[in-house]
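Me: I am new to this structure. Please take me through the labels one by one, and show me the reasoning behind each.

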Amino acid sequence: MIFDAFYNKKVTKNLPLYLVGAFIMLSFAGDLTRFKNLSVILMAATTIYFLFHNYRTALAPFKSTLSLCLLIFILTLFYSLLISTDPQLSIENFNKPILNGLLLFSFLIPVVLHKNTAVQIATMILLSVAMGLLITYTRDLLIYIDDYQNGIIPFTARTHRNLSDSYVFCFPVILCLWKIY
């Protein structure tokens with residue numbers, strides 16, 4: 001069977017790690033938003049499954065002071081909408097980065113990873129950032145090769161200045177992986 005690997009207990013136990021790792025890895029790689037959206041949809045489906053399966057253990061990570069701070073932040077956001085002179089403009093400004101980025105993932109990721117240990121999560125984060133860096137390196141190398149074939153010598157023009165942003169952020173991961181391995 002094709003799907004025999006999914007019936008394996010080890011694969012199904014590590015599936016939440018793979019989903020979050022894929023999301024982190026795709027966050028650093030540009031122009032792959034379809035796959036990033038697919039990983040978000042799969043994380044949401046996994047969250048719904050965990051909540052219906054056993055909601056007490058799935059909501060256990062939210063019994064902390066960090067969750068209380070998040071609740072206070074959400075209340076502050078709604079209060080700022082109430083006192084805003086132009087609520088429509090305020091909603092447009094914090095819709096994508098705050099509602100989708102902060103609130104959605106601060107709820108999805110803890111529920112998805114509630115069964116995993118801290119060592120597994122830390123390893124997953126390091127490896128997924130390293131894989132994202134590898135994807136970024138490969139993409140940039142292909143861009144430079146394509147430019148070279150069109151007669152543009154690499155590093156002479158400032159056309160690809162934005163490519164180094166992910167390198168600056170991901171470089172400490174290389175040092176961490178070097179220390180670990």
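Reply: Let us start with one residue. Setting aside neighbours within four places in sequence, Ser 128 is in contact with Gly 21, Ile 24 and Met 25. Keep in mind that this is a predicted model.

Me: What makes these contacts?

Reply: Contact means heavy atoms within 4.5 Å. Gly 21, Ile 24 and Met 25 meet that rule with Ser 128.

Me: Where is Ser 128, and why is it called buried?

Reply: Ser 128 is in helix α6. Buried means under 20% relative accessible area. Ser 128 has 5%, so it is buried.

Me: Which other residues of α6 are buried?

Reply: Among them are Met 124, Leu 126, Val 129, Gly 132 and Leu 133. Thr 136, Asp 140, Tyr 144 and Asp 147 are also buried.

Me: How do you know that the length of α6 agrees with its number of residues?

Reply: Helix α6 covers residues 118-149, which is 32 residues. The expected span is 1.5 Å times one less than the number of residues. That gives 46 Å, and the end C-alpha atoms are 47 Å apart, so the two agree.

Me: What comes just after α6?

Reply: Gly 151 follows there, with a positive phi of about 95°.

Me: Why is Thr 123 called partly exposed?

Reply: The label covers values between buried, under 20%, and exposed, over 50%. Thr 123 has a relative accessible area of 34%, so it falls in between. Thr 123 is in helix α6. Its C-alpha atom is 9.7 Å from that of Gly 21, although the two are 102 residues apart along the chain.

Me: How many salt bridges are there, and what makes a pair count as one?

Reply: The whole structure has one salt bridge. It joins Asp 140 and Arg 139. The rule asks for a side-chain nitrogen of Lys or Arg within 4 Å of a carboxyl oxygen of Asp or Glu. Here the closest N and O atoms are 3.3 Å apart, which passes.

Me: Are the two partners buried or partly exposed?

Reply: Asp 140 has a relative accessible area of 2%, so it is buried. Arg 139 has 25%, so it is partly exposed.

Me: How many aromatic pairs are there?

Reply: There are two. In one of them, Tyr 49 and Phe 50 have their ring centres 5.8 Å apart and their planes at 50°.

Me: Why is that pair called tilted?

Reply: Centres must lie within 6.5 Å to count as a pair. Planes under 30 degrees apart are stacked, over 60 edge-to-face, and the rest tilted. At 50°, Tyr 49 and Phe 50 are tilted. Phe 50 has 10% relative accessibility, so it is buried.

Me: What makes the pair of Phe 62 and Phe 107 stacked?

Reply: The ring centres are 5.3 Å apart and the planes are at 20°, so the pair is stacked. Phe 62 lies in the loop between α3 and α4 and Phe 107 in helix α5, so the pair ties together parts 45 residues apart in sequence. Phe 62 is partly exposed, because its relative accessibility is 21%. Phe 107 is partly exposed too, because its value is 33%.

Me: Where is Ala 60, and why is it called partly exposed?

Reply: Ala 60 is in the loop between α3 and α4. Its relative accessibility is 38%, so it counts as partly exposed. Ala 60 and Pro 110 are 50 residues apart in sequence, and their C-alpha atoms are 9.0 Å apart.

Me: Which residues form the nonpolar patch on the surface?

Reply: They are Tyr 137, Phe 171, Ile 174, Leu 175 and Trp 178. Together they have about 550 Å² of accessible area. Helix α7, residues 165-180, gives the most, with four residues.

Me: How do you know that Phe 171 is accessible enough for a patch?

Reply: Patch residues need over 30% relative accessible area. Phe 171 has 45%, so it passes and counts as partly exposed. It is found in helix α7.

Me: What does the whole chain look like?

Reply: The protein chain has seven helices and zero strands. Buried residues make up 25% of its 181 residues. Its accessible surface is about 13,200 Å², of which 70% belongs to carbon and sulfur atoms. Among contacts between residues at least 6 apart in sequence, 73% join residues at least 24 apart.

Technical notes: Residues are numbered from 1 along each chain as its sequence is written. This is a predicted model: local features need pLDDT of at least 70, side-chain atom pairs count only at pLDDT 80 or more; totals for chains, interfaces and linings use all residues. Side-chain values use heavy atoms; hydrogens and water are left out. Patches are made of residues with over 30% relative accessible area and no salt bridge: like charges are joined within 9 Å, nonpolar side chains (Val, Leu, Ile, Met, Phe, Trp, Tyr) within 5 Å. Accessible areas come from the Shrake-Rupley method with a 1.4 Å probe; for residues, only the protein chains shown count as cover. Helices (H or I, at least four residues) and strands (E, at least two) are DSSP runs, numbered from the N terminus. Buried means under 20% relative accessible area, exposed over 50%, partly exposed in between (1.4 Å probe, protein chains only). Rings of Phe, Tyr and Trp (its six-membered ring) pair if their centres lie within 6.5 Å; planes under 30 degrees apart count as stacked, over 60 as edge-to-face and the rest as tilted.
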